[in-house]
Amino acid sequence: MSENKIATTVYAESTPNPKVMKFVANRAIIQGDSVEFMNIDEAKNSPLAMKLFHFPFVREVFIAKNFVSLTKYDAMEWEDIAMEVREFIREYLAEGSVVVHEIEEVQKKDTSKESTETVSPINHQELGEVESRIVDILDEFVKPAVESDGGNIRFMSYEEGVVSVLLQGACSRCPSSTVTLKQGIENLLKKMLPTLVKEVVAIN
C-alpha cells in the first residue's frame, strides 16, 4: 500500500433483509448522522454513493458512521457481487476520497419534494418532554440493534399516542421490519411509557 493511502479494511455482512448487504469499515467514514439515497439523482452530494449507483445492481445506498448498506435489484445475487463491491469500497476509502460533502446540506435538501429518505437531525431543544423521552429510549435501546443490522431508525413525530418513525437502510421494506416495529419497538415504548404510547408506525 502506498504511503498516501489510509489503512482500511472492509468486510461484508448479511442483514435480516435479503436484498441488503452491509459493508463495514474498520474506521469512521462520515461525521454526524447517517444518510440515505434512493437513486443517483439524490446522491449528488455523495461522491461514493454516485459511484456505487453506477453498479447496475445497486438500487439504494445507505451510509452510516462506519458502514455502507446497499440494496440490490432482484436480478443479481449477493454471492456473485459482494466481493467486487467490498473491494471497491475498501479501495475508495483507502484512497481517502470524499464520502459525503456537507452532510447537513444533504439532510436539509428541498423539503418540497415528497421524500423522506434524508431528514434533519432531531433537535432535542425543540422537543416536548414526551418526545424527548421517546428519542432517548430509541437512541439507547433500539438504534444500536438496528444499526447492527445495517439500518437506522429516526423519530419523526408524536401525536395523540402515536409515534411515527422512519426506517432506513436494511430496515426499509425489510420482510421482518413490521414484526420488529410492532413486537419490538412498540412493545418497548408501551412498557417504558405506559398510557403515553398507543402505537408505533413507520411512515415509509
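This passage walks through the fold of the chain, then its strands, and then its salt bridges.

The model described here is a predicted one. Its chain has five helices and eight strands. Read from the N terminus, these elements come in the order β-β-β-α-β-β-α-α-α-β-β-α-β. The chain counts 204 residues, and 44% of them are buried. Its accessible surface comes to about 10800 Å², with 50% of that belonging to carbon and sulfur atoms. What share of the contacts with a separation of 6 or more comes from residues 24 or more positions apart? The share is 60%.

Now to the strands. A bit of background helps here: strands of a sheet pair through backbone hydrogen bonds, and the pairing can be parallel or antiparallel. Strand β4 is a good place to start. It covers residues 58–63, and five of its six residues are buried, so β4 is mostly covered. Strand β3, made up of residues 35–37, is joined to β4 by three bridges, and the two run antiparallel. Within this pairing, F37 stands opposite V61 of β4. Strand β4 also pairs with β5, which spans residues 67–72. Here there are five bridges, and the direction is again antiparallel. One of the matched pairs is I63 with V68, the latter sitting in β5. The link from β4 to β5 is a hairpin that passes through three residues.

Further along the chain there is another group of strands. Three of them form an open sheet in the order β6-β7-β8, with mixed pairing. Strands β6 and β8 (199–202) stand at the edges and have a single partner strand each, so each of them has one side without a neighbour in the sheet. On average, neighbouring strands of this sheet are turned by 30° against each other, if direction is ignored. Strand β7, residues 162–169, runs parallel to β8, and four bridges join the two. In that pairing, S164 has V201 of β8 as its bridge partner. There is a helix to add to the picture as well: α4, residues 129–148, lies across β6 and β7 and runs at about 160° to β6.

One residue of β6 can be picked out. Is E159 buried or exposed? E159 belongs to strand β6, which spans residues 151–159. With a relative accessible area of 57%, which is over the 50% cut-off, E159 counts as exposed. E159 and V197 are 38 residues apart along the chain, yet their C-alpha atoms are separated by 9.3 Å.

That leaves the charged side chains. How many salt bridges does the structure hold? There are 10. One of them brings together the side chains of K5 and E91, at 2.5 Å from N to O. K5 is in the segment before β1 (10–14) and E91 is in helix α2 (residues 78–94), so this pair ties together parts that lie 86 residues apart in sequence. Both partners are partly exposed: K5 has a relative accessible area of 23%, and E91 has one of 25%.

E91 has another partner too. It forms a salt bridge with R90, where the closest N and O atoms are 3.0 Å apart. R90 has a relative accessible area of 16%, so it counts as buried, the cut-off being under 20%. Through shared partners, salt bridges join K5, E87, R90, E91 and E95 into one network.

A further salt bridge connects the side chains of D74 and K19, at 3.6 Å from N to O. This pair also links distant parts of the chain: D74 is in the loop between β5 and α2, K19 is in the loop between β1 and β2 (20–25), and their positions lie 55 residues apart in the count along the sequence. D74 counts as exposed, at 52% relative accessibility. K19, in turn, is partly exposed, with a relative accessible area of 32%.

Technical notes:
Residues are numbered from 1 along each chain as its sequence is written. This is a predicted model: local features need pLDDT of at least 70, side-chain atom pairs count only at pLDDT 80 or more; totals for chains, interfaces and linings use all residues. Side-chain values use heavy atoms; hydrogens and water are left out. Buried means under 20% relative accessible area, exposed over 50%, partly exposed in between (1.4 Å probe, protein chains only). Contact means heavy atoms within 4.5 Å. Accessible areas come from the Shrake-Rupley method with a 1.4 Å probe; for residues, only the protein chains shown count as cover. Two strands pair if DSSP finds at least two bridges between them. Axes are lines fitted to C-alpha atoms, for helices over the stretch in contact, and angles run from 0 to 180 degrees between N-to-C directions. A salt bridge is a side-chain nitrogen of Lys or Arg within 4 Å of a carboxyl oxygen of Asp or Glu.
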